[in-house]
Amino acid sequence: MTTLASLFDAEVPRPVLDVITRLWDLGHAAYLVGGCVRDTLRGVHPKDFDVATSALPEQVQSAFRKVIPTGIQHGTVTVLADGNHVEVTTFRSESDYHDGRRPSAVTFEKDIVRDLSRRDFTINAMAWNPLNHELVDPFRGQEDLKARLIRCVGSANDRFSEDGLRPMRAVRFAAVLDFTLDPATQAAIPATLSVFRKVAHERVREEFVKLLLSKREAFGLELLAVTGLLDVFLPELARADAEAARLARAAAAAAPADVEIRLAALLADLVDPQRAEEIGVRLKFPTKNIERVRLFVGHAALERHVEGSDPALRRLIAKVGPANVEPLTQVARARVQAREPGRLLELEALIGRLLALVAAKPPLTGKDLALNGGAIMSALGVGPSPIVGEATRFLVEQVLDEPSLNEAEKLKGLLRSWLQARGS
Ligand code: ATP
Ligand code: MG
């Protein structure tokens with residue numbers, strides 16, 4: 001649904017309406033802007049409601065009792081109203097992008113149209129006054145929303161040269177919204193790649209993750225490839241042969257919308273675990289994500305274990321950690337769905353066995369043994385010494401083979417025969 005009626009019906013939160021009302025009462029202009037106008041027009045409930053105003057940041061600060069100067073140098077102030085956070089940003093224009101990364105100067109403006117002109121895409125450059133129901137749409141955002149088009153505000157070449165992240169955002173919005181790129185907007189991407197190359201990797205990653213988690217993720221990845229963006233930050237995929245890349249995209253698309261699982265499904269058959277880690281580091285993913293993606297990539301080919309015995313599967317569980325088994329099975333399932341659907345049935349049987357083994361909570365490490373370190377020492381009649389570690393590893397191997405052996409008396413018996421066999 002793309003109608004003005006959806007704006008009239010929009011349920012703008014009370015605190016947001018109060019902030020806008022107060023600003024107009026003080027003689028300033030104030031509008032809802034950006035994503036919330038776009039999403040409401042699409043009939044989708046917005047994630048958050050951003051307010052833009054002609055009031056200067058100091059004026060916003062003095063208009064409300066509780067404010068946090070969140071990004072005051074860029075004109076953003078957070079108003080706290082009844083426990084709600086409302087972001088209020090002064091109309092601004094940006095100039096002199098010296099390096100294609102950040103505007104070197106921000107100029108505050110009095111006119112909403114000036115503020116909308118510096119925004120990236122026509123569908124993101126609309127403002128709505130919920131008090132008098134005025135829609136400010138100088139770049140025909142509504143029309144592009146109906147035509148499902150991502151189009152730059154003004155010259156795409158200029159806009160992409162100012163801020164190298166914008167082409168990445170264009171593709172991200174296309175994937176998230178299931179839109180296409182306006183031809184002039186798409187054509188400007190290859191021409192401005194040298195600016196995209198300078199963008200900080202965290203910013204690229206943020207957009208990449210949103211694309212990866214979108215419904216049209218395979219389409220988004222393809223668009224990244226054809227525009228040349230992918231080669232800049234993920235050459236491992238961009239330079240893979242066409243069939244390998246297609247299978248990787250299909251695997252990622254078949255995975256549940258979780259960043260670690262999708263990334264692992266995408267990379268598992270393209271790179272080794274070491275390279276997967278390098279990619280994570282390059283894109284400045286959090287360490288926790290990198291470690292898990294590396295682990296999933298290393299063990300993704302679960303179909304290799306379909307003939308595995310229970311002891312072999314318990315050893316696999318011990319190696320990856322029981323908490324990682326379920327997500328790992330999701331990576332494996334997505335890959336097999338995309339690559340070898342004929343093997344899904346046997347994979348599902350294996351997954352069933354793995355999850356049952358995890359649910360049984362078998363002893364997997366020294367900590368799980370029915371004998372603690374002290375008990376092992378007294379059973380051996382020794383103090384702390386290397387033999388204790390050796391004995392522990394021996395016992396762990398025994399209980400991985402047969403979990404029912406994990407009882408104090410049985411383990412002591414095993415230790416005695418182990419000592420005898422060693423001849424000491
Ligand atoms: P989402 O729902 O993904 O948050 P959004 O439209 O709110 O979408 P944000 O990244 O939160 O996207 O940005 C808010 C608004 O700020 C955008 O709608 C757009 O008007 C403007 N904007 C954000 N980034 C840029 C940019 N790099 N260049 C120009 N305008 C931008
Ligand atoms: Mg937003």
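Okay, let's start at the tail of the chain: Arg-422 lies over the face of Trp-418, 4.8 Å from the centre of the ring. Before I go on, keep in mind that this is a predicted model. There's a second arginine doing this kind of thing, too. The charged end of Arg-205 sits over the ring of Phe-285, at 5.5 Å from the ring's centre.

Now, the layout. The domain assignment splits the protein chain into domain 1 (5-143), domain 2 (148-233), domain 3 (254-362) and domain 4 (366-422). So where do Trp-418 and Arg-422 belong? Both numbers fall inside domain 4, which covers 366-422.

Let's stay with domain 4 and look at how it meets domain 3. The C-alpha centres of these two domains are 31 Å apart. How many residues are in contact there? Five from domain 3 and seven from domain 4. Together the two domains bury about 470 Å², with 47% of that on carbon and sulfur atoms. On the domain 3 side, look for Arg-314, Arg-315 and Pro-362: they supply 82% of the area that domain 3 buries against domain 4, more than any other three residues.

While we're in this part of the chain, have a look at helix 22, residues 373-380. At its start, a side-chain oxygen of Asn-372 reaches to within 3.2 Å of the backbone nitrogen of Gly-374. And what comes after helix 22? That's Gly-381, with a positive phi, near 70°.

Right, on to the rings. Searching the whole structure turns up six aromatic pairs. One of them is Phe-196 with Phe-233, an edge-to-face pair with 6.3 Å between the centres and 75° between the planes. Why do I like this one? Phe-196 is in helix 10 (residues 193-196) and Phe-233 is in helix 13 (residues 229-233), so the pair ties together parts that are 37 residues apart in sequence. Are these two rings buried or exposed? Phe-196 and Phe-233 are both buried.

Phe-233 has another partner as well. Phe-208 and Phe-233 also form an edge-to-face pair, 5.2 Å centre to centre, with 70° between the planes. Here the link runs from helix 11 (residues 201-212), which holds Phe-208, to helix 13, and the two residues are 25 apart. Phe-208 is buried, just like Phe-233. Elsewhere, ring pairs join Trp-24, Tyr-31 and Phe-91 into a cluster.

Next, a charged residue that's tucked away. Arg-119 is in the loop between helix 5 (112-117) and strand 8 (127-129). Its relative accessibility is 14%, so Arg-119 counts as buried. What does its side chain hold on to? There's a polar contact of 2.9 Å between the side chains of Arg-119 and Asp-115. Leaving out neighbours within four places in sequence, Arg-119 is in contact with Val-33, Gly-34, Asn-124, Ala-125, Val-153 and Arg-159.

Last stop: Ala-63, in helix 4 (residues 57-63). With 9% relative accessibility, Ala-63 counts as buried, because the cut-off for that is under 20%. If we don't count residues up to four places away in sequence, Ala-63 touches Arg-22 and Leu-26. And how far is Ala-63 from Ala-238? They're 175 residues apart in sequence, and 51 Å apart in space, going C-alpha to C-alpha.

That's my tour, so go and find these residues on the screen.

Definitions and conventions
Residues are numbered from 1 along each chain as its sequence is written. Chains are lettered from A and ligands numbered from 1 in the order in which they are written. This is a predicted model: local features need pLDDT of at least 70, side-chain atom pairs count only at pLDDT 80 or more; totals for chains, interfaces and linings use all residues. Side-chain values use heavy atoms; hydrogens and water are left out. Helices (H or I, at least four residues) and strands (E, at least two) are DSSP runs, numbered from the N terminus. Buried means under 20% relative accessible area, exposed over 50%, partly exposed in between (1.4 Å probe, protein chains only). A polar contact is a pair of N or O atoms within 3.5 Å; within protein, one must be able to donate a hydrogen and the other to accept it, and residues adjacent in sequence count only if both atoms are side-chain atoms. Contact means heavy atoms within 4.5 Å. Rings of Phe, Tyr and Trp (its six-membered ring) pair if their centres lie within 6.5 Å; planes under 30 degrees apart count as stacked, over 60 as edge-to-face and the rest as tilted. A charge sits over a ring if NZ of Lys or CZ of Arg is within 6 Å of the ring centre and within 35 degrees of the ring normal. Domain bounds come from an automatic or database domain assignment. Buried area is the accessible area (1.4 Å probe) that two parts lose on being put together, summed over both.
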